[in-house]
Amino acid sequence: MTTQETIGRIIGFDGAGLPVVSAYVRVEPDNSVHTRLSSLLDQIRPLGKSHSLEHDARLSIRGDVERISRAAGEERWKPGTMALFSCHGRDFFEEVSLPRAVRDRVTVDATPAVRPMLAVLEEYRRMCVAVVDEATAQVWELYLRDIQQVKRLRDPTLRKSNFAHGMVEHRIHNKVEELAKRHYRRVAAMLHDLFRERGFDLLAVGGHPYEVSAFTEFLPRELGERLAGSFAVDPRTATPADLRRHAESVMERYEHDEERRQVAEIVEAVAERRPAVLGVERCLWAGTVAAIQKLAVQEGVTAPGVVCDRSGWLALSGDTCPLCGEPTRPTTDVIDELVETVIHEGGAVEHVGVDTELRRHVVGAMLRFPLPPLPVV
Ligand SMILES: [Zn+2]
């Protein structure tokens with residue numbers, strides 16, 4: 001499972017003089033990943049022999065190539081993209097399974113190439129899943145496609161002896177309530193700490209509906225604001241697969257709402273003539289001039305177009321780049337080129353799967369500054 005610590009280790013790593021190899025390789029249900037990975041590694045193999053590098057650096061890169069190929073042989077990777085980071089000479093190796101396709105690439109640099117990974121991760125939330133009844137609590141983490149238990153807690157309840165000793169009924173009732181309240185308060189405090197420790201973004205609460213609603217009353221305001229939803233489940237019999245299914249559907253609803261919000265934000269900004277654009281042509285121009293702060297892309301839509309590799313010009317057509325006069329390179333998907341450009345320029349990308357006004361425009365963006373006029377072709 002990809003934890004906050006793993007991501008933190010990768011971001012913070014520095015080869016201290018030794019090169020760091022970063023590889024991104026798409027994993028598809030067929031077995032093409034091995035072929036594509038080995039051709040990626042072929043691009044850097046010569047560096048392992050190159051005398052332009054110090055002996056230690058050459059050795060380290062050879063170790064990286066070997067380590068990355070071994071990883072591909074050892075495990076079955078999930079569909080999406082595998083991001084691998086290796087600095088053999090510093091005993092550093094990390095891999096992250098990304099749930100979305102990213103373009104294949106390999107780089108050798110002083111630090112890991114994290115930008116494509118962060119751009120994908122930014123779209124996914126880390127959800128705390130609390131399954132609660134009046135005496136117990138299980139806390140799970142749902143992130144990327146995994147669910148993992150992080151904590152369990154059991155508080156005292158009334159034992160049979162209390163009844164046997166003839167406690168009068170209303171006193172028993174009060175005692176039960178008091179213990180449950182104490183338990184809920186403890187669970188809420190524990191969640192509060194876990195949110196800070198583990199960097200959770202959202203909360204989902206599961207259990208018997210009456211206990212769920214009793215418990216959520218005890219959530220401090222900050223946690224209440226992160227509550228994405230709740231679900232009905234029997235805490236004693238629910239399996240991890242049940243919890244994952246319920247939690248994922250809470251997550252999905254949340255994400256769809258968020259997609260709608262983002263599209264609405266762009267549509268509104270365009271209507272109010274604030275820096276924002278809708279439509280492929282204008283977004284490509286915005287990408288060319290690095291104006292895009294947040295790009296919304298209709299999931300699964302592609303469009304052929306042209307790219308100038310010299311100036312970064314992106315357009316739907318044209319043999320010659322109007323910015324520098326170079327011949328353009330045709331591409332089967334200029335929207336993918338746009339996504340890469342936005343990520344490279346430090347912007348955010350949101351893929352929109354739900355039905356919104358974006359379906360008509362395909363792409364839309366919030367901009368950093370108003371667009372200059374399009375050059376005359
Ligand atoms: Zn150009």
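These are my notebook entries on the strands, helices and a few single residues of a predicted model.

**Ground rules**

I worked on a predicted model, where local features need pLDDT of at least 70, side-chain atom pairs count only at pLDDT 80 or more, and totals for chains, interfaces and linings use all residues. Residues are numbered from 1 along each chain as its sequence is written, and side-chain values use heavy atoms, with hydrogens and water left out. I took helices (H or I, at least four residues) and strands (E, at least two) as DSSP runs, numbered from the N terminus.

**Entry: the sheet of five strands**

I looked up the strand order and found 7-6-5-8-9 in an open sheet of 5 strands with mixed pairing. Two strands pair here if DSSP finds at least two bridges between them. Strand 7 and strand 9 (227-232) are the edges; each has a single partner strand, so one side of each has no neighbour in the sheet. I noted an average turn of 20° between neighbouring strands of this sheet, direction ignored. For such angles, axes are lines fitted to C-alpha atoms, for helices over the stretch in contact, and angles run from 0 to 180 degrees between N-to-C directions.

I then followed strand 6 (residues 136-143) and strand 7 (residues 146-154), which run antiparallel and are joined by 8 bridges. Thr 136 stands opposite Arg 154 in strand 7, and Tyr 143 has Asp 146 as its bridge partner there. The two strands form a hairpin with 2 residues between them, and Leu 144 in the turn has a positive phi of about 55°.

**Entry: helices on this sheet**

I checked what lies against the strands, with contact meaning heavy atoms within 4.5 Å. Helix 6 lies across strand 5 (127-132), strand 6, strand 7 and strand 8 (202-207), and runs at about 140° to strand 7. Helix 7 packs on the sheet too, touching strand 5, strand 8 and strand 9, and its direction makes about 140° with that of strand 8.

Next I looked at the two helices together. The axes of helix 6 (residues 169-198) and helix 7 (residues 209-216) come within 9 Å and cross at roughly 65°. That makes the two helices roughly perpendicular, a label for 65 to 115 degrees; under 35 counts as roughly parallel, over 145 as roughly antiparallel and the rest as oblique. Tyr 184, Val 187, Ala 188 and Leu 191 of helix 6 make the contact with Glu 211, Ala 214 and Phe 215 of helix 7. I recorded the crossing as right-handed: the near helix is turned clockwise from the far one by less than a right angle, and anticlockwise would be left-handed.

I also picked out Ala 180, which is in helix 6. Ala 180 is buried, with a relative accessible area of 10%; buried means under 20%, exposed over 50% and partly exposed in between (1.4 Å probe, protein chains only). Between Ala 180 and Thr 157, 23 residues apart in sequence, the C-alpha distance is 7.8 Å.

**Entry: the sheet of three strands**

I found an open sheet of 3 strands in the order 13-12-14, with antiparallel pairing. Strand 13 (314-315) and strand 14 (329-331) are its edge strands. Strand 12 (residues 305-307) is joined to strand 14 by 3 bridges, and one of the residue pairs is Val 307 with Arg 329.

**Entry: helices 9, 10 and 11**

I compared the span of helix 9 (residues 240-271) with the value expected for its 32 residues: at 1.5 Å a residue it should span 46 Å, and the end C-alpha atoms are 46 Å apart, which agrees. The expected span is 1.5 Å times one less than the number of residues. Buried residues of helix 9 include Leu 243, Val 250, Glu 255 and Ile 266. Arg 273, just after the helix, takes a positive phi of about 60°.

The axes of helix 10 (residues 280-288) and helix 11 (residues 334-344) come within 10 Å and cross at roughly 35°. The crossing is left-handed, and the contact is made by Cys 283, Leu 284 and Gly 287 of helix 10 and Val 334, Leu 338 and Thr 341 of helix 11.

**Entry: two more buried residues**

I looked up Arg 100, which lies in the loop between strand 3 (92-98) and strand 4 (105-109). Arg 100 counts as buried at 14% relative accessibility. Leaving out residues up to four places away in sequence, Arg 100 touches several residues, including Gly 80, Glu 123, Glu 299 and His 351.

Val 65 lies in helix 3 (residues 55-74) and is buried, with a relative accessible area of 7%. With the same sequence neighbours left out, up to four places away, Val 65 touches Leu 41, Ile 44 and Arg 45.
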